[in-house]
Amino acid sequence: MRADRLMAILLLLQHREQVTAAEVARELEISERTARRDLDALGMAGVPVYSIQGRGGGWRLVGGARTDLSGLTAREARALFLVAGPASAATPAVKAALRKLVRALPEPFRVQAEAAASSLVLDPRRWGASRIEPRPPRFLDALQDAVIRGVQVRLGYVDREGTETERTVHPLGIVAKGPSWYLVADTEAGRRTFRIDRVSSADPTCDPVRRPEDFDLAASWRAIADDVDRKRTPLEARAVCAPEAIGILRMGFGGRLEVGGATTDGRIEVVIRGNDEHTLAGELAGLVEWIEVTSPPAVRGHLASIGNALVERYS
């Protein structure tokens with residue numbers, strides 16, 4: 001991503017004092033033409049960089065200007081470089097840019113920062129799950145770049161029924177949910193969420209994004225995720241539960257569980273969401289020792305049927 005390259009070039013300038021376009025190209029594995037364009041872009045962005053022509057020339061920062069990272073504590077430096085290691089969900093471009101930051105750290109921090117990047121491995125697969133690692137979606141970088149630059153995108157999209165549409169969107173942020181990536185964007189029809197692996201084309205425009213002043217990506221995603229969870233599990237079962245089983249319910253149902261107050265007999269009122277009566281009854285059947293479902297009647301009926309079948313089978 002270009003933003004990553006510009007940051008890397010800035011750090012190269014700080015570390016070496018002077019660089020040539022050829023050195024930048026070799027370091028970042030890009031063409032010399034792209035390196036010169038990026039160096040010019042730094043100047044246009046307000047970074048005090050200038051070129052020296054002729055033999056021994058190159059690019060320098062005016063007056064040795066630098067972005068000082070020496071204010072980082074050792075703990076902060078280690079935390080930063082955990083993001084660059086194999087445990088990170090960051091894209092390869094982000095990891096590469098973070099590793100280059102090592103050169104701008106104070107010398108005492110470098111060894112620990114480099115060690116942090118390789119100190120942790122995160123394996124998100126459950127035991128027995130496929131070893132195939134999902135690849136980042138094709139248009140992830142292009143959409144992230146549009147978010148960063150604040151430009152609208154002409155978006156081609158294929159919905160779950162296979163219908164392809166095209167619209168202009170205002171990209172507001174990118175979210176990774178498990179192995180899937182989502183674009184949060186405003187459209188003429190309101191705020192929408194797009195699975196990036198269903199994007200068929202992404203063409204940035206020159207028009208600026210209309211970004212709400214109070215927009216917060218994390219808060220917006222929480223609201224979106226809560227809405228999706230409720231749509232996926234529209235059925236609510238009310239029950240009373242033994243206090244010691246609340247932890248078990250939290251592990252089993254996560255965000256589908258709402259814990260209420262205590263009843264007169266000391267049990268706890270709970271609400272558990274599910275997809276349908278039969279499925280939810282199956283999930284609750286193994287908890288009969290701790291939980292009593294009070295409604296709806298259909299879930300109670302399915303639980304009674306499960307109980308009768310178990311008695312008949314194993315008596």
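Visitor: What makes S10 and strand S11 count as paired?
Guide: This is a predicted model. In it, four bridges join S10 to strand S11, residues 268–274. At least two bridges are needed, so the two strands pair. They run antiparallel.

Visitor: Which residue of S11 is the bridge partner of Ala 262?
Guide: The partner is Ile 268.

Visitor: Where do S10 and S11 sit in their sheet?
Guide: Four strands form this open sheet, in the order S10-S11-S9-S12. The pairing is antiparallel.

Visitor: Why are S10 and S12 called edge strands?
Guide: Strand S10 (257–262) and strand S12 (291–295) each pair on one side only. On average, neighbouring strands of this sheet are turned by 30 degrees against each other, direction ignored.

Visitor: Which strands does helix H9 touch?
Guide: Helix H9, residues 246–253, packs on the sheet and touches strand S9 (235–241), S10, S11 and S12. The direction of H9 makes about 160 degrees with that of S10. Helix H11, residues 297–314, also packs on the sheet. H11 touches S9 and S12, and its direction makes about 135 degrees with that of S12.

Visitor: How many aromatic pairs are there?
Guide: The count comes to two. A pair of aromatic rings is described by the distance of the centres and the angle of the planes.

Visitor: Why is the pair of Tyr 157 and Phe 194 called edge-to-face?
Guide: The ring centres are 5.1 Å apart, and the limit for a pair is 6.5 Å, so the rings pair. The planes stand at 80 degrees. Over 60 counts as edge-to-face, so the name fits.

Visitor: What does this pair tie together?
Guide: Tyr 157 lies in strand S4 (residues 151–158) and Phe 194 in strand S7 (residues 190–195). The pair therefore ties together parts that are 37 residues apart in sequence.

Visitor: How do you know whether Tyr 157 is buried or exposed?
Guide: Its relative accessible area is 8%. Buried means under 20%, so Tyr 157 is buried. Phe 194 has 3%, so Phe 194 is buried by that rule.

Visitor: What makes the pair of Tyr 182 and Trp 221 tilted?
Guide: The centres are 5.4 Å apart and the planes are at 40 degrees. Stacked needs under 30 degrees and edge-to-face needs over 60, so this pair is tilted. The pair links distant parts of the chain. Tyr 182 is in strand S6 (residues 180–187) and Trp 221 in helix H8 (residues 217–232), 39 residues apart.

Visitor: Are Tyr 182 and Trp 221 buried or exposed?
Guide: Tyr 182 has a relative accessible area of 17%. The cut-off is under 20%, so Tyr 182 is buried. Trp 221 has 15%, so Trp 221 is buried.

Visitor: How do you know whether His 170 is buried or exposed?
Guide: His 170 has a relative accessible area of 6%. That is under 20%, so His 170 is buried. His 170 is found in strand S5, residues 164–177. Leaving out residues up to four places away in sequence, His 170 touches Gln 152, Val 184, Ala 185, Asp 186, Pro 208, Val 209 and Arg 210. The C-alpha atoms of His 170 and Val 151 are separated by 7.1 Å, with the two positions 19 residues apart along the chain counted as their distance apart.

Visitor: Which residues touch the most other members of the largest nonpolar core?
Guide: They are Ile 9, Leu 13, Leu 42 and Val 49, in a core of 20 residues. Helix H1 (2–16), helix H2 (21–28), helix H3 (32–44) and strand S3 (58–61) each supply at least two residues. H1 gives the largest share, six residues.

Visitor: What does Leu 42 contact?
Guide: Neighbours within four places aside, Leu 42 is in contact with Leu 6, Ile 9, Leu 10, Leu 13, Val 47 and Val 49. Apart from this core lies another, of 19 residues, including Ala 239, Cys 241, Leu 249 and Leu 257.

Visitor: What makes S1 and S3 a pair?
Guide: S1 and S3 pair in the antiparallel sense over two bridges. At least two are required, so the rule is met. Val 19 has Trp 59 in S3 as its bridge partner.

Note on methods: Residues numbered from 1 in each chain as written. Predicted model: local features only at pLDDT ≥ 70, side-chain atom pairs only at ≥ 80, totals over all residues. Heavy atoms only, no water. Axes fitted to C-alpha atoms, helices over the stretch in contact; angles between N-to-C directions. Contact = heavy atoms within 4.5 Å. Phe/Tyr/Trp six-rings, centres within 6.5 Å; stacked < 30°, edge-to-face > 60°. Buried < 20%, exposed > 50% of the residue type's maximum accessible area, 1.4 Å probe, protein only. Core = buried A, V, L, I, M, F, W, Y, C linked by side-chain atoms within 4.5 Å.
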